Amino acid sequence: MKKRTTLALLLSTAMVLGGCSVATKSNTVGNAAEPASSEAPATAPAGDGTPVDIEVLGMSANESDLNIVRDQLTKNGFNVKLNIQPDYASFKAQEDAGNYDVSHSSWTTVTGNPDYAVRSLFITGGDYSRQSDPELDALINEAATQTPDEYAETYKKFEQRLVFDEARIAPLYISLKSQAVNKEILKADSVRLSKSRALAWEDIDFADESKRATDPLILSQAASTLTSLDPIKGNDGSINQLNTNMYVRLVNLTDDDKITSDASLSRNHAIAEGNGEYYFILRDDINFAKIENKKAVDTGERVGGDDVVFSLDRAKNKDSVPDHRTYSLHEHINTVEVFTDLNALGSINVAGGKGTVKEALEKGLDAPISELVADKTQANNAQGKYQVVKLTTTEPFPQVLNYLAHQSAGIVSKKQVESINTYDVAAFDVNKDIPYGDQNTVTEGAQYNNTLYASGPYILSYKNDYEGVFLKNPAYQKGTENEALINQVNVRFIADADSTLSALRSGEIYVYYGVPETKYDVVESDSKLQLKSIPSNAMSYLLFNTQNRDVAKSVDLRKAVLYSINQDEILAFYNGKKIKAVSTVSPLIDTGNELTADPAKVKEFLAAYQASK
């Protein structure tokens with residue numbers, strides 16, 4: 001093991017907690033709790049010689065980071081008060097009450113595109129935004145209309161404004177994403193590790209292939225209470241992986257965040273000239289699965305264009321279901337339709353290249369397009385009869401494809417969902433109305449009444465407090481390379497990291513997805529386990545109070561904090577298992593920007609702040 005730096009030795013009493021604690025919306029309501037505070041004496045007064053008070057808010061899970069930040073700020077002339085809360089609910093209560101100058105925050109871009117990395121966080125009125133800066137708004141919206149080869153420069157300008165000109169955040173690091181696999185039980189290379197998308201189950205295989213039909217694949221997750229099995233009603237760790245594997249999407253993300261039609265509902269997709277129209281040619285070899293007597297059966301209903309239109313219309317409409325939690329991801333969708341004008345398809349040029357949309361959609365097809373059909377039951381790909389879906393955006397927005405690859409864009413059965421959701425959305429009564437995807441309907445007991453229709457490779461048969469049992473969809477791309485290999489997947493509910501690692505080492509589970517950095521050594525020392533890690537899309541940073549503290553008004557004070565942060569020291573403390581960052585865009589785009597700690601600048605900015613008081 002590498003020697004730790006002097007800073008790390010000073011922090012040896014701090015418990016190192018691995019991974020990135022992603023702040024998400026919470027439904028917890030309550031009064032702000034009293035802060036659990038820790039103070040460090042100022043050792044290097046700056047400006048007029050008086051240490052500047054500053055309060056840093058965070059959770060106990062990030063205590064190591066908070067201690068490092070405290071020491072760095074103390075060295076640069078701050079009198080630091082740590083406000084450390086035990087969990088997210090109490091942290092959020094303190095944040096909402098404004099009891100902080102800077103808070104420890106983090107964000108994971110689960111769609112692989114930079115718009116997701118900035119819009120909710122920094123645009124005026126964004127889901128999580130505390131900012132109101134017209135220049136940032138303009139840059140975010142400009143980049144959204146651009147293709148990847150165009151938007152790198154725009155996001156560089158965005159970072160310059162966000163971090164260096166206005167110091168609205170102070171970056172800390174990018175985390176790694178990792179998994180550990182029992183290579184004696186599974187083919188380790190069959191277990192994919194993707195930057196953004198959730199773990200794909202259909203590719204996983206046993207080392208002994210004869211076990212595919214007899215033994216379950218055993219995985220785990222921390223949350224046992226599932227937000228919803230309706231893909232648009234949740235975007236959290238309880239259901240992201242589950243719904244990703246239960247509902248097919250129009251497109252997917254590759255492991256390195258490129259858009260692909262592989263293993264999706266579309267055989268190909270194309271962007272028309274102008275970046276405002278998107279075309280998808282659909283497969284005809286996926287039927288919805290349902291559960292009968294806890295067994296997966298083919299419903300006989302094909303997944304088709306009407307289901308796509310229905311699913312995406314409800315995804316973009318915040319009033320389509322009560323407590324719709326993902327509509328903001330799809331707000332750029334304007335219209336979705338089944339497109340049947342074959343002549344027009346051959347006259348529309350593709351964006352950024354030569355040829356027509358028809359030619360782009362026909363690439364690699366066994367049979368060229370001879371007919372476009374409106375009725376999904378009439379599609380026959382082998383005979384050249386296809387369904388094509390056309391999607392238009394509210395403005396040119398190529399990154400819409402990344403949102404279509406998110407689990408919330410999973411395709412549900414129009415017929416089934418409409419038969420279940422017969423309630424009035426505006427008058428929804430949680431005590432009597434049972435919506436599609438309610439976890440109680442798949443939980444063993446008196447309320448069990450599984451009405452799920454799955455368009456993906458697996459369907460949830462039932463769950464209890466111990467595990468959820470998923471079965472292979474018998475009518476999902478049967479006979480193709482995308483057909484699921486293992487017949488059953490059991491997802492064990494294990495709440496904490498130590499217990500999960502213990503279960504992996506004892507053979508109770510076969511994959512530990514998201515191993516904390518602090519557990520790497522344990523995994524690597526076990527000969528039956530294989531550890532794989534890649535840079536993730538998770539970035540941690542300090543977020544400034546924008547309302548009732550001096551940091552809200554003084555850019556000099558914010559910049560003094562910014563240039564106190566020494567990322568080299570942070571990376572040394574984590575033995576190189578973190579990566580330098582500038583903004584939430586950093587995991588996705590190398591803008592060339594870099595933050596360098598500068599005590600001289602800190603002193604200059606603190607002096608300017610004190611002079612202005």
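In what order do the four strands of the open sheet stand, and is the pairing mixed or uniform? Select β6, β19, β18 and β17 in this predicted model: the four strands form an open sheet in the order β6-β19-β18-β17, with mixed pairing. In general, strands of a sheet pair through backbone hydrogen bonds, either parallel or antiparallel.

Next, select residues 217-221 for β6 and 458-463 for β17. These two strands stand at the edges, and each has a single partner strand, so one side of each is left without a neighbour in the sheet. With the whole sheet displayed, look at the turn from strand to strand: neighbouring strands are turned by 25° against each other on average, direction ignored.

Keep β17 and add β18, residues 467-472. The two strands pair in the antiparallel sense over five bridges. To see one bridge, pick Tyr 462 and its partner in β18, Val 469.

Now leave the sheet for a pair of helices. Select α4 (residues 114-122) and α5 (residues 134-144), which pack with their axes 10 Å apart at an angle of about 150°. Angles over 145 degrees count as roughly antiparallel, and α4 and α5 are therefore roughly antiparallel to each other. Their crossing is left-handed.

Finally, show the side chains where the helices meet. On the α4 side, pick Asp 115, Val 118, Arg 119 and Phe 122; on the α5 side, pick Leu 136, Asp 137, Ile 140, Asn 141 and Ala 144. Coloured by class, the residues of this contact divide into five nonpolar, one polar and three charged.

Conventions. Residues numbered from 1 in each chain as written. Predicted model: local features only at pLDDT ≥ 70, side-chain atom pairs only at ≥ 80, totals over all residues. Heavy atoms only, no water. Pairing = 2+ DSSP bridges. Axes fitted to C-alpha atoms, helices over the stretch in contact; angles between N-to-C directions. Parallel < 35°, antiparallel > 145°, perpendicular 65-115°, else oblique. Left-handed = near helix turned anticlockwise from the far one by under 90°. Contact = heavy atoms within 4.5 Å. Nonpolar A, V, L, I, M, F, W, Y, C, P; charged D, E, K, R; others polar.
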